[in-house]
Amino acid sequence: MKVIDLRSDTITLPTDEMRKAMFEAEVGDDVYGEDPTVNLLEQRSAALLGKEAGLFTASGTMSNLLALLTHTRAGDEVILGSEAHILWYEVGGASALGGANLRTVLNEEDGSLDLGSVEATIRPDDLHYPTTSLLCLENTHNRCGGTVITAEYTASACNLAHRHGLAVHLDGARIFNAAVALGVPPARLTAPVDSVCYCLSKSLSAPVGSVLCGSGEFIERARKKRKMIGGGMRQAGVIAAAGLVALDTMLDRLPVDHANAKRLAAGLSRIPGIECSVEKTVSNLVMFGLSSHVPTDAFIDGLRERGVKMAHREGPRFRAVTHRMVEAEDVDRVLEEIQKIVSKFTSH
Ligand code: TLP
C-alpha cells in the first residue's frame with residue numbers, strides 16, 4: 001500500500017535529475033565566494049525575483065532569521081501577522097538572537113494585514129518607545145491556508161511601510177505557488193519589498209535550501225550574519241545544484257499541485273462531518289475541520305491505519321498539502337478513506 005504523505009510539501013524527495021546534477025556539480029569554497037554552482041543559483045534566484053543579489057541558506061527559517069537580523073537592531077520592533085510562520089514556527093530566533101521585539105497585527109483570512117492597523121501599530125518617535133523598523137509579510141500564507149496576497153496589496157503595504165521608514169521583508173517560502181495562483185510573474189509580487197526569501201525544499205522538491213534576495217548591499221550584510229550563525233557552507237554547490245534543477249523543472253508543474261488541492265477540497269466539502277472551503281483553497285494547502293461528532297483521535301488513528309499522513313493543527317483542524325509525490329488518484333483514495341472513517345460517526 002502506497003503511503004500518501006500530505007503532512008507537507010517538505011517531504012518531497014529529490015528527483016533523479018537533481019541527484020545527477022548534485023553528483024556532477026562544479027564546486028568551490030562558497031565562503032570565499034568561489035562555488036560557481038552556488039553563485040549561479042544566487043544570481044538566477046535574484047533575477048527571478050527582481051532583486052540585485054541572492055544568498056543561499058540552509059533553510060527558510062535561516063533566511064527569515066537573517067532577514068530580521070539584517071534589517072533590525074537589538075530592541076527594534078518588527079510588525080508581523082498574528083499567524084505569521086516567523087512568529088509561530090521559528091523558535092523565536094529573531095528575538096533570541098537579534099533582540100527583536102515581535103509585535104503582531106491580526107491576520108485577515110486571506111493572509112493580509114489591515115493596513116490601517118499596521119499604520120496604527122507603527123511607533124511614533126517617542127523617547128519611551130522602541131523603534132519600529134520592519135514589516136513582515138507572508139505569501140502564500142501558511143497558517144491562513146495557502147492564501148495569497150496580490151501585487152497591488154503588497155505594493156500598498158510597502159508604500160505605507162516605506163513612508164514611515166520601515167523596511168519590508170516577505171516570507172515567500174512558497175512565492176512561486178503564489179505567482180501561479182495569481183497568474184502573475186513572481187517578480188511582480190516581490191518588486192516592492194526590500195527582501196524576500198523562497199524555499200527550494202518545499203513544492204520545488206529540492207532536498208535542502210532557501211535563497212534570500214535583496215539589494216547587493218543588504219545581501220552583503222546578510223552574508224556576514226550567515227557566517228556569524230554558522231551558515232557558511234563551503235562546497236555547498238552539491239546542494240545548490242539540485243536547486244538549479246528545481247528552478248528549471250519544478251515551476252511549470254505547480255499548477256498540478258493546485259489542481260489536486262482543489263480536487264481534495266471539493267471532495268472534502270462534499271463529505272458530511274467535514275468542513276472545507278473550496279473557494280479558499282487557492283494553492284497547494286488544504287485546511288479543513290471536523291464536526292464535533294467525529295472524534296479527532298479516531299480520525300487520526302483511522303488515517304494512519306489506512307496509510308494517509310496529515311498534519312493535525314489545533315483542535316479539530318487539519319492541514320493537507322499536495323506536492324509532486326501526490327497524484328490525482330491518491331487524492332481520490334484519500335477521499336475514499338476519509339469518507340469511510342467519517343461515515344462511522346455520521347451515519348447514525
Ligand atoms: N513550513 C513548514 C513547517 O515549519 C510548518 C511546513 O510544513 O509548512 N516560511 C513558511 C511560510 C513556511 O511554511 C516554512 C516551513 C518556513 C518559512 C521555514 O522553512 P524551513 O522549514 O525550510 O526552515
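## Helix packing and nonpolar cores

In this predicted model, helices H1 and H11 are oblique to each other. Their packing angle is about 140 degrees, and because this value is neither over 145 degrees nor within 65 to 115 degrees, the pair counts as oblique. The axes of H1 (residues 16-24) and H11 lie 8 Å apart, and the crossing of the two helices is right-handed.

On the H1 side, the contact is formed by Glu17, Met18, Ala21 and Met22, which meet Val238, Ile239, Ala241, Ala242, Val245, Ala246 and Thr249 of H11. The composition of this contact by class is as follows.

| Class in the H1–H11 contact | Number of residues |
|---|---|
| Nonpolar | nine residues |
| Polar | one residue |
| Charged | one residue |

Helix H11 (residues 237-249) also supplies eight residues to the largest nonpolar core, the largest share of that core. The core comprises 53 residues, of which Leu135, Tyr198 and Leu204 touch the most other members. Beyond four places in sequence, Tyr198 touches Leu41, Ser45, Leu49, Gly172, Ala173, Ile175, Phe176, Leu204, Ser210, Val211 and Leu247. A second core, separate from this one, contains 26 residues, including Ile4, Ala265, Cys276 and Val331.

Ser210 and Val211 are also among the contacts of Ser63. Ser63 belongs to helix H3 (residues 60-71) and has a relative accessible area of 0%, so this serine is buried. With neighbours within four places in sequence set aside, the other contacts of Ser63 are Thr57, Cys197 and Leu212.

Key. Residues numbered from 1 in each chain as written. Predicted model: local features only at pLDDT ≥ 70, side-chain atom pairs only at ≥ 80, totals over all residues. Heavy atoms only, no water. Core = buried A, V, L, I, M, F, W, Y, C linked by side-chain atoms within 4.5 Å. Buried < 20%, exposed > 50% of the residue type's maximum accessible area, 1.4 Å probe, protein only. Helix = DSSP H or I, 4+ residues; strand = E, 2+ residues; numbered from the N terminus. Contact = heavy atoms within 4.5 Å. Axes fitted to C-alpha atoms, helices over the stretch in contact; angles between N-to-C directions. Parallel < 35°, antiparallel > 145°, perpendicular 65-115°, else oblique. Left-handed = near helix turned anticlockwise from the far one by under 90°. Nonpolar A, V, L, I, M, F, W, Y, C, P; charged D, E, K, R; others polar.
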